[in-house]
Amino acid sequence: TCEAVANIALSGPPVLSVSNSVNSAVAAPNAEVLYTIIAKNESGSPIADGVLITDPASIPNITLGDWVCVHSTTTLACPVPNGSGPLNQGAIALAVGESLTYTVKGKIAAAAPDGAVIDVDAKFTSAATGATCQNSLDGTPVPCRQRATVTVNYAPPVLSITNVVAPTTAAPDDEVTFPIVAQHTPGKPL
């Protein structure tokens, strides 16, 4: 008899994940915050059609600015290594275990009201048959979605008062002035 053995590795549909964090949960108007968004193919099978997006440009009280991308495998590159504005990345190819890490700058609006809550969602998906999410605010169906939140908090105001006499020396009957300057550094209203 003749016998042959073949080992066949079976893999299931891709299981994706996305994480989304911000370096500061509280920020003042005009402050810059930094989002870290990681899209990963956790298990199953490779993907060649991944899509990663953040909310559109109309997120109130924040502007998403420059971003950079780094592939978890240093020999491979991101589909687009850097850019500006909300993420809208397509044609993401990831083998099982590979990920893309995006670092996105955000600038809080100067007129953002005290106490405003700014939510930025990151969504990662693939059209691969049976693709699911390992961690998502919406359960297991794709797209995977995670949110990072910043609350606007004005810095405490600083009030300073200075008094400088001019001239610094005077003779009897000379006129001397004492200008008093009050200065308010913006923050919460006094």
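Visitor: How far apart are the sulfur atoms of Cys 69 and Cys 78?
Guide: This is a predicted model, so keep in mind that we're reading computed geometry. A pair of cysteine sulfur atoms within 2.5 Å is taken as a disulfide. Cys 69 and Cys 78 do form one, with their sulfurs at a separation of 2.0 Å.

Visitor: Is the link of Cys 69 and Cys 78 left-handed or right-handed?
Guide: Look at the rotation about the S-S bond, which comes to -80°. That value makes the link of Cys 69 and Cys 78 left-handed.

Visitor: And is Cys 78 buried or exposed?
Guide: The cut-off for buried is under 20% relative accessible area. Its partner Cys 69 has 9% and counts as buried. Cys 78 also has a relative accessible area of 9%, so Cys 78 is buried.

Visitor: Which strands hold Cys 133 and Cys 144?
Guide: These two cysteines form a disulfide as well, with 2.2 Å between their sulfur atoms. The pair ties together distant parts of the chain, eleven residues apart. Cys 133 sits in strand S10 (residues 132–135), and Cys 144 in strand S11 (residues 144–152).

Visitor: What is the angle about the S-S bond for Cys 133 and Cys 144?
Guide: The link of Cys 133 and Cys 144 is left-handed. The angle about its S-S bond is -105°.

Visitor: What relative accessibility does Cys 144 have?
Guide: Start with Cys 133, which is buried at a relative accessible area of 4%. Cys 144 counts as buried too, and its relative accessibility is 0%.

Visitor: Which pattern do the disulfides of the protein chain follow?
Guide: The count comes to two disulfides. Number the bonded cysteines along the chain, and the pattern reads 1-2, 3-4.

Visitor: Which residues does a cis peptide bond join?
Guide: Try the loop between S10 and S11, where Pro 143 is found. Omega is about 5° at the cis bond there, and the residues joined are Val 142 and Pro 143.

Visitor: Where does Asn 30 lie?
Guide: Asn 30 is no glycine, yet its phi is positive, at about 75°. With a relative accessible area of 45%, Asn 30 is partly exposed. Its place is the loop between strand S2 (26–27) and strand S3 (32–43).

Visitor: Why does Asn 61 count as partly exposed?
Guide: Asn 61 is in the loop between strand S4 (47–54) and strand S5 (62–71). Asn 61 isn't a glycine either, but has a positive phi of about 70°. Partly exposed runs between the 20% and 50% cut-offs. Asn 61 counts as partly exposed because its relative accessibility is 24%.

Methods. Residues are numbered from 1 along each chain as its sequence is written. This is a predicted model: local features need pLDDT of at least 70, side-chain atom pairs count only at pLDDT 80 or more; totals for chains, interfaces and linings use all residues. Side-chain values use heavy atoms; hydrogens and water are left out. Buried means under 20% relative accessible area, exposed over 50%, partly exposed in between (1.4 Å probe, protein chains only). Helices (H or I, at least four residues) and strands (E, at least two) are DSSP runs, numbered from the N terminus.
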